[in-house]
Amino acid sequence: MTNINPISIKYCGFRTIEDAKFAATLPIQAIGFILVPNRKRTVSLEQVAEILPHIPKHIQTVGVFQNPSLVEVSEAIAIGLTMIQLHGQESPSFCQQIKQRWDIPIIKVFPESKIEEISFFKSYIDIILLDHAAGGAGVPIDWSRIPSAKAIADQNSVSLWIAGGLNETNIADLYHNYEIDGIDLSSGIEIDGQKNNQKMIEIIERMDRHGKVRK
Ligand SMILES: O=C(O)c1ccccc1NCC(=O)[C@H](O)[C@H](O)COP(=O)(O)O
């Protein structure tokens with residue numbers, strides 16, 4: 001086993017109070033909301049504002065954007081989201097502006113083909129998320145790029161989380177074979193496009209068997 005540490009878990013793409021409340025009963029570190037327009041999991045700020053009072057403070061609430069304006073980011077922070085995920089072609093200077101204005105944790109997404117760009121962002125981001133540019137497609141990334149990404153993450157003192165098609169059948173392979181700090185799932189905790197409580201539990205149970213759940 002490469003990684004002996006517990007792993008942070010983000011469950012993403014919530015649309016209902018009921019699903020988010022259930023997820024928040026589990027030992028996860030973050031819950032994500034898709035604020036990218038016209039996607040199947042897109043929610044409005046009004047919907048997120050109704051969900052947030054049901055999420056305990058120890059769980060980070062993440063607004064997921066693709067190439068947002070600073071105004072959109074400020075509106076998300078104003079309703080109480082505690083973390084910003086940038087899932088587009090945002091520049092280092094854009095991340096810097098968010099950090100300087102709000103000092104909020106930032107997850108920056110990098111497709112495997114862009115990991116060499118990570119060092120330009122190092123002072124402005126907190127978590128590197130290796131994922132597909134599109135996001136939420138349920139398709140695994142090329143895991144062979146994870147060791148290079150981890151080396152760059154370590155050099156820059158940021159965490160490395162992995163997304164893309166993770167589910168109860170492949171997460172053990174991931175954390176047994178690669179050193180990572182967190183995982184992010186959406187399709188893998190759904191059945192027929194709906195969040196599924198049993199799937200959310202199954203991921204935690206499998207990880208717990210290997211001492212991987214952060215408690
Ligand atoms: O989930 C979406 O629909 C989505 C749309 C646009 C940008 C990002 C999106 N998701 C971001 C996430 O953090 C997902 O959890 C991550 O991509 C993993 O998704 P999946 O492969 O379905 O597990």
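Reader: In which loop is the place of D103?

Author: In this predicted model, D103 lies in the loop between α4 (92–102) and β5.

Reader: What makes D103 count as exposed?

Author: A residue is called exposed if 12 or fewer other C-beta atoms lie within 10 Å of its own, and D103 has 7 C-beta neighbours inside 10 Å, so D103 counts as exposed.

Reader: What is the phi of D103, which is not a glycine?

Author: The phi of D103 is positive, about 45 degrees. Most residues other than glycine have a negative phi. D192 is another residue other than glycine with a positive phi, in this case near 50 degrees, and D192 is found in the loop between β9 (190–191) and β10 (194–195).

Reader: Why does D192 count as exposed?

Author: The cut-off for exposed is again 12 or fewer, and because D192 has 5 C-beta neighbours inside 10 Å, D192 counts as exposed.

Reader: What makes strand β1 mostly covered?

Author: Strand β1 covers residues 8–12, and 4 of its 5 residues are buried, where buried stands for 20 or more other C-beta atoms within 10 Å.

Reader: How do you know that β1 pairs with strand β8 and with strand β2?

Author: Two strands pair if there are at least two bridges between them. Between β1 and β8 (residues 182–185) there are 4 bridges, and between β1 and β2 (residues 30–34) there are 3 bridges, so both counts satisfy the cut-off of at least two. Both pairs run parallel. As examples of partners, S8 stands opposite G182 in β8, while K10 has A30 in β2 as its bridge partner.

Reader: Which unit do β1, helix α1 and β2 make?

Author: Together with helix α1 (residues 17–23), the strands β1 and β2 make a right-handed β-α-β unit.

Reader: In what order do the strands of the closed barrel run?

Author: The closed barrel of 8 strands runs β1-β2-β3-β4-β5-β6-β7-β8, with parallel pairing, and the twist from one strand to the next averages 25 degrees. Helix α5 (residues 146–155) packs on the sheet and touches β6 and β7 (159–163), and the direction of α5 makes about 150 degrees with that of β7.

Reader: What surrounds the ligand, and which residues are the closest?

Author: The ligand is surrounded by 25 residues, of which C12, G135, G136, S186 and S187 are the closest. The elements that give two or more residues to this shell are β2 and β8. By kind, the shell divides into 8 nonpolar, 12 polar and 5 charged residues.

How values were computed
Residues numbered from 1 in each chain as written. Predicted model: local features only at pLDDT ≥ 70, side-chain atom pairs only at ≥ 80, totals over all residues. Right-handed = clockwise from strand over helix to strand, strands pointing away. Near = placed C-beta within 6 Å. Nonpolar A, V, L, I, M, F, W, Y, C, P; charged D, E, K, R; others polar. Axes fitted to C-alpha atoms, helices over the stretch in contact; angles between N-to-C directions. Contact = placed C-beta atoms within 7 Å.
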